[in-house]
Amino acid sequence: MKFVIVFVALFAVAFAAPADSDAQVLRFDSDVQPDGFKYAYETSNGISENADAVLNNIGSENEAIAVRGSYSFVADDGQTYTVNYIADENGFQPQGAHLPVAPEA
């Protein structure tokens with residue numbers, strides 16, 4: 001539960017930081033519950049993000065939050081890049097067409 005509160009607080013601070021003073025927020029949805037959260041936003045400069053989190057193993061010593069989400073942005077080269085990710089007890093696991101993939105062992 002503490003992790004959810006800290007994560008949402010950090011997200012709010014990051015979202016409030018001015019990255020591009022000309023960008024406008026076009027959409028922002030948020031739903032924070034004791035056992036998880038959902039949010040999505042889109043800005044006028046091509047940035048969008050969404051995430052859906054759930055608290056697993058509630059009340060046990062293995063309690064952990066699992067987040068699924070994605071974010072997109074327009075890079076300096078004019079291309080839109082999208083990263084889909086899972087963040088859970090196994091760490092942050094991003095996937096994207098532009099990201100390198102480790103060879104199989």
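Strand S2 (residues 36-43) makes a good starting point: six of its eight residues are buried, so this strand is largely enclosed by the rest of the structure. The model discussed here is a predicted one. On one side, S2 is joined by eight bridges to strand S1 (residues 25-33), and the two run antiparallel. Within this pairing, Phe-28 has Tyr-41 of S2 as its bridge partner, and Asp-31 stands opposite Lys-38. The connection is short to describe: S1 and S2 form a hairpin, with two residues between them.

S2 is also joined to strand S3 (residues 48-56), here by seven bridges and again in antiparallel fashion. Here Gly-36 stands opposite Val-54 of S3. A hairpin links this pair too, with four residues between S2 and S3. The turn includes Gly-46, whose phi is positive at about 90°.

Stepping back to the whole chain, one helix and six strands are found. Read from the N terminus, the elements follow the order α-β-β-β-β-β-β. The six strands make up an open sheet in the order S1-S2-S3-S4-S5-S6, with antiparallel pairing. At the edges stand S1 and strand S6 (91-95), each with a single partner strand, so one side of each is left without a neighbour in the sheet. On average, neighbouring strands of the sheet are turned by 10° against each other, with direction ignored.

Some totals help to place this sheet in context. The chain has 105 residues, of which buried residues make up 20%. Among contacts with a separation of 6 or more, 21% are accounted for by residues 24 or more positions apart. The exposed area of the chain is about 7500 Å², and carbon and sulfur atoms supply 54% of it.

What, then, is gathered in the interior? In soluble globular proteins, nonpolar side chains tend to be buried together. In this model, the largest nonpolar core consists of nine residues: Phe-37, Tyr-39, Tyr-41, Ala-51, Ala-53, Leu-55, Ile-65, Val-67 and Tyr-85. At least two residues of this core come from each of S2, S3 and strand S4 (64-74). Tyr-41 thus has two roles in this description, as a member of the core and as the bridge partner of Phe-28.

The aromatic residues deserve a closer look. A pair of aromatic rings is described by the distance of the centres and the angle of the planes. Four aromatic pairs are present in the structure. For Phe-37 and Tyr-39, the ring centres are 6.0 Å apart and the planes lie at 15°, so the pair is stacked. Both partners belong to the core. Phe-37 counts as buried at 3% relative accessibility, while Tyr-39 is buried with a relative accessible area of 7%. The rings of Tyr-85 and Phe-92, in turn, have centres 5.4 Å apart and planes at 40°, so this pair is tilted. Tyr-85, another core residue, counts as buried at 8% relative accessibility. Together with Tyr-71, the residues Tyr-85 and Phe-92 form one aromatic cluster.

Strand S4 also holds Ser-70. This serine is buried, with a relative accessible area of 13%, a value that falls under the 20% limit for burial. With neighbours within four places in sequence left aside, Ser-70 is in contact with Ser-48, Glu-49, Asn-50, Val-83, Asn-84 and Tyr-85. Among these contacts, Tyr-85 is the residue already met in the nonpolar core and in the aromatic cluster.

A last point of interest lies in the loop between S3 and S4, where Asn-57 is found. Most residues other than glycine have a negative phi. Asn-57, however, has a positive phi, near 55°, although this residue is not a glycine. Is Asn-57 buried, exposed or partly exposed? With a relative accessible area of 48%, Asn-57 is partly exposed, since the exposed class begins over 50%.

Note on methods. Residues are numbered from 1 along each chain as its sequence is written. This is a predicted model: local features need pLDDT of at least 70, side-chain atom pairs count only at pLDDT 80 or more; totals for chains, interfaces and linings use all residues. Side-chain values use heavy atoms; hydrogens and water are left out. Buried means under 20% relative accessible area, exposed over 50%, partly exposed in between (1.4 Å probe, protein chains only). Two strands pair if DSSP finds at least two bridges between them. A nonpolar core is a set of buried Ala, Val, Leu, Ile, Met, Phe, Trp, Tyr and Cys residues joined through side-chain atoms within 4.5 Å. Contact means heavy atoms within 4.5 Å. Accessible areas come from the Shrake-Rupley method with a 1.4 Å probe; for residues, only the protein chains shown count as cover. Axes are lines fitted to C-alpha atoms, for helices over the stretch in contact, and angles run from 0 to 180 degrees between N-to-C directions. Rings of Phe, Tyr and Trp (its six-membered ring) pair if their centres lie within 6.5 Å; planes under 30 degrees apart count as stacked, over 60 as edge-to-face and the rest as tilted.
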